[in-house]
Amino acid sequence: MQTNFVRMSRQSGAVTLVVTVFLLFLLSLIIVFAANYGITQEKTTDNLLRKKQAFTAAESGLEFGIAYLEQNRAAILASRSGGYLVHIANSAITNVAQANNSSFTVVYSNPIANNYELILVTSTGTSSDNVTTTTITQLVRYGSLLISPVNAPLITQGD
């Protein structure tokens, strides 16, 4: 009788050991997947922050670019070649740093040759770590005394 009791307790311990090892393995897998999910969520949040920084920089660059065009239109329109405006590398509109270390660059062009009444203002915003860029364009009408946006949609382009 005693022999059967010893055999039963040894078998019961072996089953408990196997079940315990299986549960530990299963818990380890769950922890690894949870950690990977957390890392993925962090990367997604970082990418959204970069995208918002670049878009905000591009928007502020567009506003600045239109105001700069109003004040410096003679100098901008003087840079013509072959019927089109030539990009001016000016520190006032190229790689302008913002308070959050993002930056923007503004470029002026005319979509139709020899037509300087419609000017396309293109602003490219860059995130603070220079990883993400967003480009926004706005077509403006150049009049004798004022510059007004044309009734055209704002166009954005990103990565």
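**Exercise 1. Determine how many bridges join strand β5 to β6, and in which direction the two strands run.**

Solution. Strand β5 covers residues 118-126, and nine bridges join it to β6. The two strands run antiparallel. The model examined here is a predicted one. Individual pairs illustrate the arrangement: Thr-122 stands opposite Thr-137 in β6, and Leu-118 has Arg-141 in β6 as its bridge partner. The connection between the strands is considered next. β5 and β6 form a hairpin, with six residues between them. In the turn, Asn-130 has a positive phi of about 60°.

**Exercise 2. Identify the strand that seven bridges join to β5, and name the bridge partner of Val-107.**

Solution. The strand is β4, which spans residues 103-109; seven bridges join β4 to β5, and these strands run antiparallel. The bridge partner of Val-107 in β5 is Thr-122. Thr-122 also stands opposite Thr-137 in β6.

**Exercise 3. Explain why β5 is described as largely enclosed by the rest of the structure.**

Solution. A residue is buried when its relative accessible area is under 20%. In β5, seven of the nine residues are buried, and therefore the strand is largely enclosed by the rest of the structure. For the protein chain, buried residues make up 27% of the 159 residues.

**Exercise 4. Classify Thr-134 and Leu-23 as buried, partly exposed or exposed.**

Solution. Begin with Thr-134, which lies in strand β6, residues 133-142. The relative accessible area of Thr-134 is 2%, so this residue is buried. Its side chain is joined to that of Lys-51 by a polar contact of 3.2 Å.

Turn now to Leu-23, located in helix α1, residues 2-77. Partly exposed residues fall between the limits of 20% and 50%. Leu-23 has a relative accessible area of 45% and is therefore partly exposed. Leu-23 also belongs to a nonpolar surface patch of about 650 Å². The other residues making this patch are Val-15, Val-19, Phe-22, Leu-26, Leu-27 and Ile-30.

**Exercise 5. Describe the secondary structure of the protein chain, its contacts and its exposed area.**

Solution. The secondary structure comprises one helix and eight strands. Along the sequence, the pattern reads α-β-β-β-β-β-β-β-β. Next, consider contacts in the protein chain with a separation of 6 or more: residues 24 or more positions apart account for 50% of them. Finally, the protein chain exposes about 10700 Å², of which carbon and sulfur atoms supply 62%.

Key. Residues numbered from 1 in each chain as written. Predicted model: local features only at pLDDT ≥ 70, side-chain atom pairs only at ≥ 80, totals over all residues. Heavy atoms only, no water. Helix = DSSP H or I, 4+ residues; strand = E, 2+ residues; numbered from the N terminus. Buried < 20%, exposed > 50% of the residue type's maximum accessible area, 1.4 Å probe, protein only. Polar contact = N/O pair within 3.5 Å; in protein donor to acceptor, adjacent residues only side chain to side chain. Patch = residues over 30% accessible without salt bridge, like charges linked within 9 Å, V, L, I, M, F, W, Y side chains within 5 Å. Areas by Shrake-Rupley, 256 points an atom, 1.4 Å probe, with all protein chains shown as cover. Salt bridge = Lys/Arg side-chain N within 4 Å of Asp/Glu carboxyl O. Contact = heavy atoms within 4.5 Å. Pairing = 2+ DSSP bridges.
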